[in-house]
Structure formats: C-alpha cells, structure tokens
Amino acid sequence: MKTIVLLSLLFKLSAPNFSLVSQASTPQLQEVQQQEFPLNGIQDSISKAFDLAFAEKDPSGLDKIKNNLDALSQKRNLRILTYWKAYWGYYKAIYFYANKQEKESEALVDEYIKSLETIENKTAEDYALLALIRGFSIQFKSFIRAPFISSKAASDLKKATELDPENPRVFYVKASSDFYTPKTFGGGKKTEELLTKALALPAQKISNATLPSWGHEEAYEMLLRYYIREGMKEKALKIYSEASTKYPENYNIERMGERIK
Amino acid sequence: MKTIISLFVTTALYSAMAFPQSITITGTVMDKDEQPIYGANIYPSGNPLKGVISDLDGAFTLELNSAFKNDTLIISYIGFETIRIPIATIEQALSITLKINTQSLSDIQVVARDPIAENFSVKKIEKLDIYTEPLAQADPLKAITILPASTNTDESANPSLRGSDGDRSRVVLNGVPIYEPVRFSQINGTGYFSVLNPEIIKEQYVYASNPPVSLGNSSAGLVQVSTIDKLTFNQLQISTSLASTGAFLSQGISEKTFFQLYGNNQFSKAFIDLNSPNADHLNSFGTQDVGFNIHSDVSKNLSINFFTYTVKEDFNINAQIFTYPGKAIAQTKRNFSILNARYIHSNSIISFNGSYDIRQENFRLGNIDSDNHRFTTYSSLNYQVSLGANTIETGLNHNHNHITIDDQTSEFFYAASPSSPIDSVSSNPRRNSLESFFHVTQKLSESWILSSGIRTNALYNDTNTYWTSQLGIRYYLNNEHSFLLSGGKYHNYNTPNSFNTEYFLQSSYQAALDYTWRGSAHNFYVALFYKKENDNSDIQNLGTRNFLQSSGLEIAYDRIFGNWIKFYTSFSFLDQKEKISGEIYQGTKDLDYFVKSSISYNNPNVVGISFSFITRPGTHYTEITSANYDPNTDFYKPEFSSVINNLSYSEYNILNFSLNKIIPFRDNSIIAFLSVNNLLNTHNEQILNYNRDYTSYEAEPFQLRSVYFGLVLNLNY
C-alpha cells in the first residue's frame, strides 16, 4: 500500500483543459465564469494544489480549495460537491500520510467514505471513488478488517460496472485492486487487461469540466509499473513511449522510463 | 437580367456565409425537486463539442449556427435520464426537468440488496468471521454459537436461538430450508458439525428471533445462508489432519461461470488413540462427503446456481440409556440438492428455488433399533419489486415432507437391554403445505425503515390454517448506531422423530428490541426479548409441553486492538419457564448467565493464536427420586420428581486453544494448525448415568480435553 501512496505522491498531472466553456479573455469575464461555473476544472485544481503542497511542504492551497467547496456548499445544495469534497479528502489524506500524520489521514478517509456512502442513487463515478478511497483506507485497518473493506470495495466496483460498463475510472480502480492484491491471493492476473481497457475508453463520454475525468494517466503509470514488475521489458518500453508522449511532465513515468531504457 | 439575378444570388450567398443565421437556445435544467442541476451537458447530437454546460442556476445559453437546425438537442447529466429535443421544435426558452435514472439504478439496488436481511437481521457473518473467530472452529453454523443469542448448551452445531429448541429455528441455504443441517446426528438431533463447508459460503444473516416471513417455517430464529456468487481466484486446497483428509477445488470456467468441488474422508483411529483416555467413549466415527457447487451468470439478467451435497457417516460410541450401558451405533446417508434461478427485469426480481433432500438413518442401542427414511422437496417462486424507497416481496412455496419411521423401541422406557421387551413404532407421516407470503419494506426516511409482512398456508393445507404476521422497525440514529424493534406471531411445523412421530403446527409470540453500535474498531450490541412458544410436543416420560416462555438480556462487545489482536465477549441472561401438562416449571435453559469470550492474535507473517472461554450454569433436569424393581423386565423403574427441572448440572466451563501458522511459498501457502479443546480438561456434566437401582450415578461429561492438528495446502493458479 505504501507503493500506492508513493505513486500518488509523485503524480504530476499535465493539467489538460476540460472546460467546455469558451475561455474567458478578460479578468472580468473570468470572474463571471468563476461565479457561474465554480467547479470548472476542479479536478485539475485539486491535483495541482496537491503537487504544490508537496513541493512547498505547505497544504494551504489545498485547504483553500476545501474552503471554497465548503462555501459553495453553504450557498448551493449540489450533489456533485459531495464527490469533489471526497476527492479532495483523498488527496489531503495522502498528504497527511506522506507527512507521517497517519491518524489524521485515517480520520479523513473514514470521514469521506461515510460521506460518499450517504449519497442516494450513487452513480458509477461515486462508486469508483468510493472503491478508490476504501482501497487507500485498508493500510490503516487491521488484518482482520482488511478483507471486509476489500469486499466492500469489490461490491462498489461491481455496482459501478453495472451502472456504467464503459467507465475508465472503474477499470483503473479494479486494476489497482488486482495489482496490489498479493499473488498468493490471486492478484495480478487481470491488471494488464483492465488497464488496457481503461486506456481504450474515453476519459469522459461528453467533455464536462465539472465532472471527473481522472484515470488515464494513472492507468498508464500503473501499466508501466506492472510491466516492469513482471519483467516484460518490450511491453514496458512501448507503453512508456506512449505514456511519455501524452504525459511528458509525469515524474514517475519518466523515472520508470529511465530504469527500462 | 441574368447578371442581376446572378449578382443577387451571389450577394445573398455571400451574406449568408459572412453572417450565418444562428440559433440561440436558452433554458434551465432542474431536477424533480426543482433544484438547479449544475454542470448538465447541453449539446447538439451531431457535435457534442459545440455544447455548453448549465450554470449554478441550471441556466444555459447555446449558440448554434443554422446547420444544426435539423439536429437534436441533448440534455444529459450523470445519474439522470437523458432528454432529446429536435432543435427545429424549439421556439422558446426551455425548462428541462431531468429524472433520476431509476431504471438502471433500481436494477442494481435490487441485485445488490436484500432489504429484509440488511435491515432486520441482527447479525451478518461473513466467510472470514468463520475462520477468524476461535469459537466458530471454522464451522459456518458454529460461528453462530458465538452470538449472545445462541443458547446452545449441547456443543452441537445446530442453531438454538434465544432458548428455543433447535428444531424451532431454521437454517435456510439459498432460499431453501435445510432441516437438521448437522452431521454426526444422534437420535435427539444433536450434531457436532454442520453440513456446510465454509468455502462455499458468502455470508450468513442471523435473525435471533422474528424470522422473516419471506422464508418462514420458523417460530424461533432463522439463519439465512447464501453461497458465493463470484470466484476471486482458482484454488486447489488439500488438507490432511489427525482425523481427515480432503480436497477442495475452486475453478473458474469462464468469466461468468465457476464451480467448486470438494470431498472429505474422516476417520477416527488416530484421533482416538492420541486422545485416549479422554476419547475412550468413542469406538469409531467416520464421514465421507462430496459437495459440488456451480454458479453461472448466464446473462446480465439471469443467474443460476446449483449445489449438491452427499454424505455418508457412521459412528459407534459407548452410551447409556437409563441404566443400560451399550454401544450406540448409527449410520446416515444423505443427499440434498438445491437449484436457484434468478431473473432480473427492470426494477424487479423473479426467483425460483427448488430442492430435494433424501436421508436414510439407522440408530441402534440396546433394544432400540430405529430406521428412518426422510424425503423432502421444496420449491418456491418469489417476486420482488423496488418501487422507489419501498420494496415489495411476495411468493409461493410448496414443501413436501415424508418420513417413514420404522422403529423398534423399548416397551418400558427404563428397560433397554437387547433382551428387554420391545414395542414396534411404525409411522408414515406426510406433510404437504402450500404457503404464501407478502412483505413490504418501507423506507420512511433516511433513518426509519419499516418492515411488515404476513404468511399463510390458507391456500392449501392438510393441517390447521395459520396466519403469521410480523412488524419491525429499524431506526438508524447515524451510521454507527441503530435500533431494531420487532414482533409478531410465527408458525412452524416440527420435524418428527422417534419421540414425536407426527407433524404438528407450533407457534410463538415474539417481541425484541436490539441496539447495535458499529464503530470503526469495535462493535457493541444489546438486546432485550420476550417470546412464548406454544407447543404440543411430548417431553419423554414427563408429559406434554404446553408452552415455553423465554425472556432475556444479551450484551456483546468486540474490539480490535492494533493490527492483530481481536477480543470478543458476550453475556446473556435467560429467564425460562415451561408449562408441562398444565403446570409451570423452570425451563431447562433457565440460565442466570452465559458468558462467551475469546481473544486472538492473528498475524499472518508470524502466527495465529487464540483462546476462547465459555461459562454458564448447568442446564436443568428432573430428579429421579426413587426406583422400584420390575420383575418383568429385571430393571428398576425410576420415579421422577413431581417438580420438573428441579435440579441442575454443575457449572459448565470450557477453555479452548488454537494455533496456526501460515507458510507462504511462491503464490501458494501451507497452513499448519493445532487446536486443544477443553484445555483445562474440565468435567462438564452432560447427563447422569445411574447404577442399576438408581441409588448412585456418575455424570457423563461433555468432551474432555482433546488435541487436533493438521495441514492445509493452498495452491493458487
């Protein structure tokens, strides 16, 4: 599980522009847009703030996003806010963990698992994020509880698949679960297939800057890691070439690329 | 002229190209509660990139050129139904209301949820619980005996819940009742192991009382067991131990189909030799069993499961019936199969469950020679539909039971030597029942869930018509705390045996209040209950039981310390009275305390070690006050106290110990285990064996200290 954390820590998202709305050309227009579409690019904002928090050892940027989300919650009852707060909580929990604040990290993931669980009529996106955070939470739980959390995560993913069989994030989280399951317990058998599928699917069916689009970059990175782990050098080189082209700023991909060159 | 026309056309075309006609579509997107939907996609079907999203007020403005006038406008948002509007028909601002996509969601909810089990059972036990709880001894039904509601006092696997006889409760496997779900059954139904293998189990829901009307035929509690519907990985498990060898294969056939095949051969010599003299009452025992389970998700909507189990068992033990000591010899052959089919359509499920159970039993001791043939078929057709926050379930089931009892019994109950006079008891009871039920689960709010249901055999019966009815309400204070208040009137048919050779209807009134606190590292549970079980069964030599009344308090607490240590303890108080032939007496299980505790350290990298401890007062029995010599039989005839259950056995205490070590190699593992039952070799009184004239007795104990060990090889591929 520490590997997962390390992976997450070293993510450098390339900040693609997801916005459907035409770009604001003036500060005034930007302000208007921010008021009307406050969640545009929220995923990117969280990722960037997370990177910055590490680089500068200061999570204030990350915390500011949470304040903004809370402020928006007070004004508007938006269902999607529960999702983005949980997404934020996931990154903040990783930050806490990396800074050896394990108690705070555990409390945060527990809080956001509960929060996501309360969503009525969950979507595939809700279930995928729930499974992702549950997976992260396992490291804090005892050996006795871990299998039950895994079982819940598997159940989340099953529901997510039925709701949206073509969601790349669901395939990525499934692959992640398979990748980190010890081989003794049958892990690693479907990682390649699931990640390949995740990469073959569009990040979003219809672009929407307010909705999640993560999963592709993560899938590339995990697939590369998988090929290296399994000693499949040719495949590793091929996927590195693709990944490096699409995400040239990803430190982790480059680091692994150097190992296999 | 041509030039003018040409110029005009050219100018018009130029104008059109330079200033194309545009279409402006405005509107708002709301949900059914008129809350704005922020971020909804609004786009022409021909080019999603030309789309916009709705703002915080749900408002949008979409500018399109005239090329899109024959296109279709799509309004969509995750989790909601998509709306399509021909652009040509749009004349004014749109006011769009998106509906939650209940179609696909309800499919999932129905598939994933069993609202009755999730909200109205008191405990869910998963496969790992069976392995990790020391008191469970890796037996699915013994895993239930750890609960404070379990009042088993005979070390058997047959669930006895809240003071009731085992036959009052039901074990239901994949929707089908399994009568007497135990192995090594004695004439009184006691069996030391269940017929279920933990590897086939997905989960077990326990209803300590108030069994769901959807399953029925229980007037005490119910254990709802389901087999796994997904195989995580292929595995071959080979086990060998002091008293058995076995193999278990879990194999996927395709992405959607898998099977499990297993078999065990149990033998006794090594166990008896090693545990002598504590196992000297055992002459021999043995079991050969084979099980096969196959599951297939035939399509997205249809799944099928088939399970079949065959067992042959025998035992030969030293036993005593009144003053006659002899060898009790028993053989049983049994085969049962269960077929399940479930079809999901829209927001509903149609399910069929069918089974047969054939059993042949023989028991001999002294002049008793009992031959029983049992044949049971069961089929049910159920329909479940989710309507918003409510779930309605209804169904029909047919149960055919046929028992052929061909017994040679003692003519005089106290004279059981082979040469003593005998009576022949032949009986051929049959029971056919067609029962139906109707159940509604209503989610009144986020916190309150109401359950109500009825069940009856009124459509067809060859016994008395009954109406079972129940009401339950679950209150979730928050994610951790919940209360369950439930009550009702329940019915079941008994399972005939050598003492009660006919079917008859039994009933009970029950009420219970359960409180559960599920914390992140601990669970706490308290329950209060009351029940009155009306009866008509023959209590051997003592009369006919009119009713059994039980009330009690249950408390359980478990906590995980750090990563590896788990502690569990429970306390039960059971006040029990029974009315026999018109008089009220103390019940056999009138127990002032019943404490079960365990502590385990399970670190797969180091070792697994556990201790479990049970203590309670002895159960009550009726004193033999005197005996008179009967020259006809050459046996003394005992006279029982006029006060039934006036004495009790000595206090019961047992400490068990187990140890296991996992040795991984490549992707596989070997598990070595050792268990010591009754570590302190406590002499727990089970029954009194009297001398010839009943002037003295020796208490026969439950199993004294015994040692058991073995190896399990897990090959994963």
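What do the buried residues of α12(A) pack against? In this predicted model, local features need pLDDT of at least 70 and side-chain atom pairs count only at pLDDT 80 or more, while totals for chains, interfaces and linings use all residues. Residues are numbered from 1 along each chain as its sequence is written, and chains are lettered from A in the order in which they are written.

The partners turn out to be α11 (216-229) and α13 of chain A; helices here are DSSP runs (H or I, at least four residues), numbered from the N terminus. On α12(A), A:A236, A:I239, A:Y240 and A:A243 are buried, with 20 or more other C-beta atoms within 10 Å of their own (exposed means 12 or fewer). Looking down the axis of α12(A), these buried residues fall within an arc of 110 degrees, so they line one face of the helix; the arc is that of the directions from the helix axis to the C-beta atoms. Turned away from that buried side are the exposed residues A:E234, A:S241 and A:T245.

As for α13, helix α12 (residues 233-246) and helix α13 (residues 251-260) of chain A pack at about 145 degrees, their axes 10 Å apart. Axes are lines fitted to C-alpha atoms over the stretch in contact, with angles running from 0 to 180 degrees between N-to-C directions. From α12(A), the contact (C-beta atoms, placed from the backbone, within 7 Å) takes in residues including A:K233, A:L237 and A:Y240, and from α13(A) it takes in A:I253 and A:M256 among them.

Conventions
Helix = DSSP H or I, 4+ residues; strand = E, 2+ residues; numbered from the N terminus. Contact = placed C-beta atoms within 7 Å.
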